[in-house]
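Here's a quick tour of a single protein chain, written for someone who likes the cut-offs spelled out. Have the viewer open and follow along.

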Amino acid sequence: MSIPAVRLRSRWILGHSLSVDLYEHLASWWPVISPVEGHAEEAAWIETLLPAQGSVLELGSGTGLLAHHLSKGLGMTLTDQSASMLAVSRELNPGCFHVEADMRELRLDRTFDAVLAHDAIDYMTTRSDLARAAATAYAHCAEDGVAVFVPDDLAETFVESTTLEENNAPDGRAARLVDWTWDPDPDDEKVQTEWLLLLRTAAGEVSVHHECHTFGLFGRQVWIDTLIEAGFSDVRSVEEPVDRPRTAFIAHRCV
């Protein structure tokens, strides 16, 4: 995932001061860190929330992992604030149109049958930013169109979590990612994720990187109110059919 307002902090790890942007000069590692094959099941669920055919605008598309699975039946325009992530996506999704832009400011002077904002929407860390992203979605949603938002967590259901991803690529590279998400201040609408990343090149050289990212954490009613205030109607939520489900918000732009 990628997008606006990423907060990076230098840390000392194993004696080295590291300030790394995972979405910029390490972008080429994303196919190793998070292989496209691992997103097929999630994409299949999101596909059920989108029109069976037509045009889709994705806000915060990153390296295009979801689009790779969705674009086979849909005409997709992929937008992201990171040029480096889009460069990776262009190789993975040559049939998609790519635009470098901030989801809070994007205006393409056209509309789409559907607008999708996946986990990149989590980088909206204030209600104001969330409202601006919702306004972007509304501005690009055709009449009778639909917008789908899929945040990682809601305030009502958030629990601290730690995950480990282990992936080895066919080209000899390998990645290990520890993802620890916690809430430093339960009274605000933010959570913090610590990413500890170990990368091994095909030549066997290992580097260690750490980043701290802040994500927005909003309640269900905040989401619904924000989408209605943006102009959407018939806003509803559905749960992902997995053990630890995420909530998708589906909003319609009626005639």
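## Ground rules

First, accessibility: buried means under 20% relative accessible area, exposed means over 50%, and partly exposed is in between, using a 1.4 Å probe and protein chains only. By that yardstick Leu154 is buried, with a relative accessible area of 3%.

This is a predicted model, so local features need pLDDT of at least 70 and side-chain atom pairs count only at pLDDT 80 or more, while totals for chains, interfaces and linings use all residues. Residues are numbered from 1 along each chain as its sequence is written, and side-chain values use heavy atoms, with hydrogens and water left out.

## Around Leu154

Leu154 sits in the loop between S7 and strand S8 (161-168); helices (H or I, at least four residues) and strands (E, at least two) are DSSP runs numbered from the N terminus. Leaving out residues up to four places away in sequence, Leu154 touches Leu217, Phe218, Arg220, Trp223, Thr247 and Phe249, where contact means heavy atoms within 4.5 Å.

One of those partners, Arg220, is itself partly exposed at 27% relative accessibility. The side chain of Arg220 meets that of Glu239 in a salt bridge (3.6 Å, N to O), meaning a side-chain nitrogen of Lys or Arg within 4 Å of a carboxyl oxygen of Asp or Glu. This pair links distant parts of the chain, with Glu239 in strand S12 (residues 233-239) and Arg220 in helix H6 (residues 220-230), 19 residues apart. Glu239 is partly exposed too, at 38% relative accessible area.

## Two domains, one interface

The domain assignment gives domain 1 (22-152 + 219-253) and domain 2 (161-215); such bounds come from an automatic or database assignment. Separately, the UniProt annotation "domain: Methyltransferase" (unreviewed entry) covers residues 56-145. UniProt positions follow the numbering used here, feature names are shortened, and annotations may be inferred rather than shown by experiment.

How much area is buried between domain 1 and domain 2? About 1,500 Å², with carbon and sulfur atoms giving 65%; this is the accessible area (1.4 Å probe) that two parts lose on being put together, summed over both. Trp29, Val32 and Ile33 supply 38% of what domain 1 buries against domain 2, more than any other three residues. In contact terms, 15 residues of domain 1 meet 20 residues of domain 2. The rule finds one salt bridge across the interface.

## Salt bridges

The count comes to eleven salt bridges. Arg104 pairs with Asp129, the closest N and O atoms being 3.4 Å apart. Arg104 lies in the loop between S5 and S6 and Asp129 in helix H5 (residues 127-140), so the pair ties together parts 25 residues apart in sequence. Both Arg104 and Asp129 are buried, and they belong to a salt-bridge network with Asp102, Glu105 and Arg132.

Another buried pair is Arg246 and Glu240, with closest N and O atoms 3.5 Å apart. Both residues are also contacts of Glu42, which is in helix H2 (residues 40-47) and buried at 12%.

## Two odd backbones

Most residues other than glycine have a negative phi. Asp109, though not a glycine, has a positive phi of about 60°; this residue is exposed at 80% relative accessible area and sits in the loop between strand S5 (97-100) and strand S6 (112-117).

Asp144 also has a positive phi, about 70°. Asp144 is found in strand S7 (residues 141-149) and counts as exposed at 62%.
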